[in-house]
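The exercises below are meant to be worked with the sequence and the coordinates side by side. Each task is followed by a solution that proceeds step by step.

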Amino acid sequence: MPKHSPSSLDPRAPLVLDTRDLPRRPGALRTVKRVVPAPADLGVEMIGVPEGADLDLDLRLESVSEGVLVSGTVSGPVKGECGRCLREIDDSLTVNVQELYAYENSTTDETTDEDEVGRMQDDLIDLEPALRDAVVLTLPTNPLCREDCPGLCPDCGVHWDDLPADHSHQQIDPRWAGLSQLNRTEE
């Protein structure tokens, strides 16, 4: 008996793959191309895939001796905020996904920890954890609207791009403020 007891999967869920029509002999192959809605919280603090956005799956399901190897790409939109200037980022990403899903009661299923390889439930594969890992690990923790983004002026908070080249703020250290009066001419 397997050492894990996963909750049952819904075969109609968008990120659940049904492998009933994939023969359990090594080398058998099936491709899956579909558009699915993005799950919630698919991202990091400043950037991520909007919930419900279309994700394009282009996958290969290949039977191997111990399970099914799922590999391919996932593409979709990302939205976020620049870590330097706080402007909106509206971009797209394509990530590679590759995960082995062990057959129930296979040697791999019996000899590996739960988090080492994916597990099949009956003939179903839950793609969401592998997709989540691939997307989240690809996203930058400090996204930029462009590579050379200059950010904001630390004094006035205006975008450096919107300021003249000679923009500056004269700051006088309060400890020296009295001395600044010595340079002024009497009127």
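**Exercise 1. Backbone angles in two loops**

Task: In this predicted model, find where Leu 86 lies, and state what is notable about its phi angle.

Solution. Leu 86 is found in the loop that runs between β6 and β7. Its phi is near 70°, which is a positive value in a residue other than glycine. To complete the description, consider its surroundings: Leu 86 has a relative accessible area of 48%, and because the class "exposed" begins over 50%, Leu 86 is counted as partly exposed.

Asp 122 can be treated in the same manner. This residue is found in the loop between β8 (118-119) and β9 (124-126), and its phi, near 55°, is again a positive value in a residue other than glycine. At 58% relative accessibility, Asp 122 counts as exposed.

**Exercise 2. The largest nonpolar core**

Task: Determine which residues of the largest nonpolar core touch the most other members, and which element gives the most to this core.

Solution. The largest nonpolar core has 36 residues, and among these Val 49, Val 70 and Leu 127 touch the most other members. The elements that give two or more residues to this core are β2 (29-37), β4 (47-49), β5 (54-64), β6 (67-81), β7 (88-102) and α2. Of the contributing elements, β7 gives the most, with five residues.

The next step is to list the contacts of Val 70, leaving aside residues up to four places away in sequence. Val 70 then touches Leu 17, Leu 59, Arg 60, Leu 61, Val 97, Gln 98, Glu 99, Tyr 101, Ile 125 and Leu 127. As background, nonpolar side chains in soluble globular proteins tend to be buried together.

**Exercise 3. The faces of a helix**

Task: Establish which residues of α2 are buried, how they are arranged around the helix axis, and what covers them.

Solution. The buried residues in α2 are Ala 130, Leu 131, Ala 134 and Val 135. When α2 is viewed down its axis, these buried residues fall within an arc of 120°, and therefore they line one face of the helix. The cover over the buried residues of α2 includes β3 (42-43), β4, β5, β6 and β7.

The spacing can be read against a general rule: an α-helix has 3.6 residues a turn, so residues three or four places apart point the same way. A charged pair in this helix also has such a spacing, for Glu 128 and Arg 132 both lie in α2, four residues apart, or about one turn of the helix. Glu 128 forms a salt bridge with Arg 132, in which the closest N and O atoms are 2.7 Å apart. Glu 128 is partly exposed, with a relative accessible area of 26%, and Arg 132 is likewise partly exposed, at 23%.

**Exercise 4. Salt bridges**

Task: State how many salt bridges a search of the whole structure finds, and describe the pair formed by Arg 146 and Asp 161.

Solution. The search finds 12 salt bridges in the whole structure. In one of them, the side chains of Arg 146 and Asp 161 meet with an N to O distance of 2.8 Å. The two residues are 15 residues apart, and each lies in the loop between α2 and α3. Arg 146 counts as partly exposed at 33% relative accessibility, as does Asp 161 at 39%. Widening the view, one finds that Arg 87, Arg 146, Asp 148, Asp 161 and Asp 162 are linked in a network of salt bridges.

For a further pair, take Arg 12 and Asp 10, whose side chains meet in a salt bridge at 3.3 Å, N to O. Arg 12 is exposed, with a relative accessible area of 72%, whereas Asp 10 is partly exposed, at 33%.

**Exercise 5. A nonpolar surface patch**

Task: Identify the residues that form a nonpolar patch on the surface together with Trp 176, and decide whether Trp 176 is buried or exposed.

Solution. The partners of Trp 176 in this patch are Ile 172, Leu 179 and Leu 182, and the four residues together have about 470 Å² of accessible area. Trp 176 itself lies in the loop between α2 (128-138) and α3 (177-180). Its relative accessible area is 54%, and since exposed means over 50%, Trp 176 is exposed.

Technical notes:
Residues are numbered from 1 along each chain as its sequence is written. This is a predicted model: local features need pLDDT of at least 70, side-chain atom pairs count only at pLDDT 80 or more; totals for chains, interfaces and linings use all residues. Side-chain values use heavy atoms; hydrogens and water are left out. Patches are made of residues with over 30% relative accessible area and no salt bridge: like charges are joined within 9 Å, nonpolar side chains (Val, Leu, Ile, Met, Phe, Trp, Tyr) within 5 Å. Accessible areas come from the Shrake-Rupley method with a 1.4 Å probe; for residues, only the protein chains shown count as cover. Buried means under 20% relative accessible area, exposed over 50%, partly exposed in between (1.4 Å probe, protein chains only). A nonpolar core is a set of buried Ala, Val, Leu, Ile, Met, Phe, Trp, Tyr and Cys residues joined through side-chain atoms within 4.5 Å. Contact means heavy atoms within 4.5 Å. The arc is that of the directions from the helix axis to the C-beta atoms.
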